[in-house]
Amino acid sequence: MLLAGDVGGTKSNLAIYDAQHGLTPLIEDTFKSASYPSLKAIVAEFLSDAGVHVERAVLGVPGPVVGGEASITNLPWLVSETALRDALGLEQVKILNDLEATAYGLPRISEHDLFTLNDAPPRSGTMAIIAPGTGLGEAVLVYHDGRYHAIPSEGGHTDFGPTNLFEIEMLRYFMGKFGHVSYERICSGRGLPLIYEYLKMNRFAPESPEVAEAIDKADDPTPVIVRAAMDHVCELSIATLNVFVSVLGAEAGNLALKVMANGGVYLGGGIPPRILNKLKDGTFMAAFVNKGRFDDVLAAMPVHVILNDKAALLGAASYGLGL
């Protein structure tokens, strides 16, 4: 019996699998991560409610995993393979980076769970994943010795590189506010409200009074901004999403060039499926291929949005079952 998990800054998906049923979960549940003091507390509650005994666990977590330990990005948790194994009475616990887990899930995702942004001819080769959600995750999938191997990355925390004069001025502002400015600082669920406030401060576009009121009342303004932009009810929200998608496209292109992702570029995370119509309007792909002499190289790479929100859970289970 295997416990697989996809731990996120907002929610954590847990499920139990066995070899007989393969990647069909026997029991599954979702938890609000911030409502718990630790990952151990979530897992203990899940296993207690499930009422079954598991021997092993594979958990995808946000943040770098070093020596079997990880400080969870955007949560005040320290996760340790050894501590979880001993506290929960398991035989083995393996922690993966969350995007590493998503990468392992890619070969298991059906075509019906993908939306294609760039329908270039598929080719064998390295795949790249970039996933804006609470943060910004990145990973790479390479094929070697008859199977795919995931390579974790913290590329979302690399220095933000502006591509136009507007972004240069935005970077100046955020550097004054935060010092270091990463792609995650701008291109994530946490970054959208920062873009919104910057544009509002500079009177870049008019703000809807109804949206302003909704943002004031919301615990998390990001869904409000995204909804208003997608519904075309607030010019400031629309402008915010334009900036977000352009930065996402540029960084996806950066990642694709660095690893030569001829096997395809995949957009994961919670945000892309919610903004499909915006991703389709050309803003993303224009920024993605805008690489000077290498425009044609990027244009030849397939680009897909992952619609299956359980891809990381699928990958953790696949890893644990040895599939």
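## Cysteines without a bond

Let's start with the sulfur chemistry: searching the whole structure turns up zero disulfides. Keep in mind as you read that this is a predicted model.

Why does Cys187 have no bonded partner? Its closest cysteine sulfur belongs to Cys234 and lies 19 Å away, which is too far for a bond. Seen from the other end, Cys234 has Cys187 as its closest cysteine by sulfur position, again at 19 Å and too far for a bond. Cys187 is buried, with a relative accessible area of 1%, and Cys234 is buried too, at 2%.

## The nonpolar cores

The largest nonpolar core holds 52 residues, and Phe244, Leu267, Phe284 and Phe288 are the ones that touch the most other members. Helix H9, spanning residues 235–259, gives the most to this core, contributing 12 residues. Another core lies apart from it, with 26 residues that include Ala101, Ala311, Leu314 and Ala317. As background, nonpolar side chains in soluble globular proteins tend to be buried together.

## Phe244 and Pro132

Phe244 sits in helix H9 and counts as buried because its relative accessibility is 0%. Which residues does Phe244 contact, leaving aside neighbours within four places in sequence? They are Pro132, Ile186, Cys187, Ser188, Leu192, Ile195, Ile271 and Ile275. For a sense of distance in the model, the C-alpha atoms of Phe244 and Leu321 are 37 Å apart, with their positions 77 residues apart along the chain.

Pro132 belongs to strand E9, residues 127–132, and is buried at a relative accessible area of 0%. With neighbours within four places in sequence set aside, Pro132 is in contact with Cys187, Phe244, Leu248, Gly268, Gly269, Gly270, Ile271 and Pro272. The C-alpha atoms of Pro132 and Gly270 are separated by 6.7 Å, although these residues are 138 apart along the chain.

## Phe284, Phe288 and other rings

The whole structure contains 12 aromatic pairs. In one of them, Phe284 and Phe288 have ring centres 6.0 Å apart and planes at 20 degrees, so the pair is stacked. These two phenylalanines are four residues apart in helix H11 (residues 283–289), which means that about one helical turn separates them. In general, an α-helix has 3.6 residues a turn, so residues three or four places apart point the same way.

Phe284 counts as buried at 0% relative accessibility, and Phe288 counts as buried at 0% as well. Not counting residues up to four places away in sequence, Phe284 touches Leu117, Val245, Leu248, Gly249, Ala252, Leu267, Leu279 and Val303.

Ring pairs also join Phe166, Tyr173, Phe174, Phe178, Tyr198 and Phe204 into a cluster. One ring of that cluster, Phe178, has a charged neighbour: Arg185 lies over its face, 3.8 Å from the ring centre.

## Helix H6 and its partners

Helix H6 covers residues 191–201, and its buried residues are Gly191, Leu192, Pro193, Ile195, Tyr196, Tyr198 and Leu199. Which helices do the buried residues of H6 pack against? The partners are H4 (165–178), H5 (183–186), H7 (209–217), H8 (221–230) and H9. Two of the H6 residues have already appeared here: Leu192 and Ile195 are contacts of Phe244. Tyr198 in H6 is also a member of the ring cluster. Just after H6, Arg203 adopts a positive phi of about 50 degrees.

## Strands at the start of the chain

Strand E1 (residues 2–7) pairs with E2 in the antiparallel sense over six bridges, and the two form a hairpin with three residues between them. E2 is also joined by six bridges to strand E3 (residues 27–32), and this pair too runs antiparallel.

Asn13 makes a handy landmark for following these pairings. Asp6 stands opposite Asn13 in E2, while the bridge partner of Asn13 in E3 is Thr30. Is strand E2 largely enclosed or largely exposed? Six of the seven residues of E2 (residues 11–17) are buried, so the strand is largely enclosed by the rest of the structure.

How values were computed
Residues numbered from 1 in each chain as written. Predicted model: local features only at pLDDT ≥ 70, side-chain atom pairs only at ≥ 80, totals over all residues. Heavy atoms only, no water. Core = buried A, V, L, I, M, F, W, Y, C linked by side-chain atoms within 4.5 Å. Buried < 20%, exposed > 50% of the residue type's maximum accessible area, 1.4 Å probe, protein only. Contact = heavy atoms within 4.5 Å. Disulfide = S-S within 2.5 Å. Phe/Tyr/Trp six-rings, centres within 6.5 Å; stacked < 30°, edge-to-face > 60°. Lys NZ or Arg CZ within 6 Å of the ring centre and 35° of its normal. Pairing = 2+ DSSP bridges.
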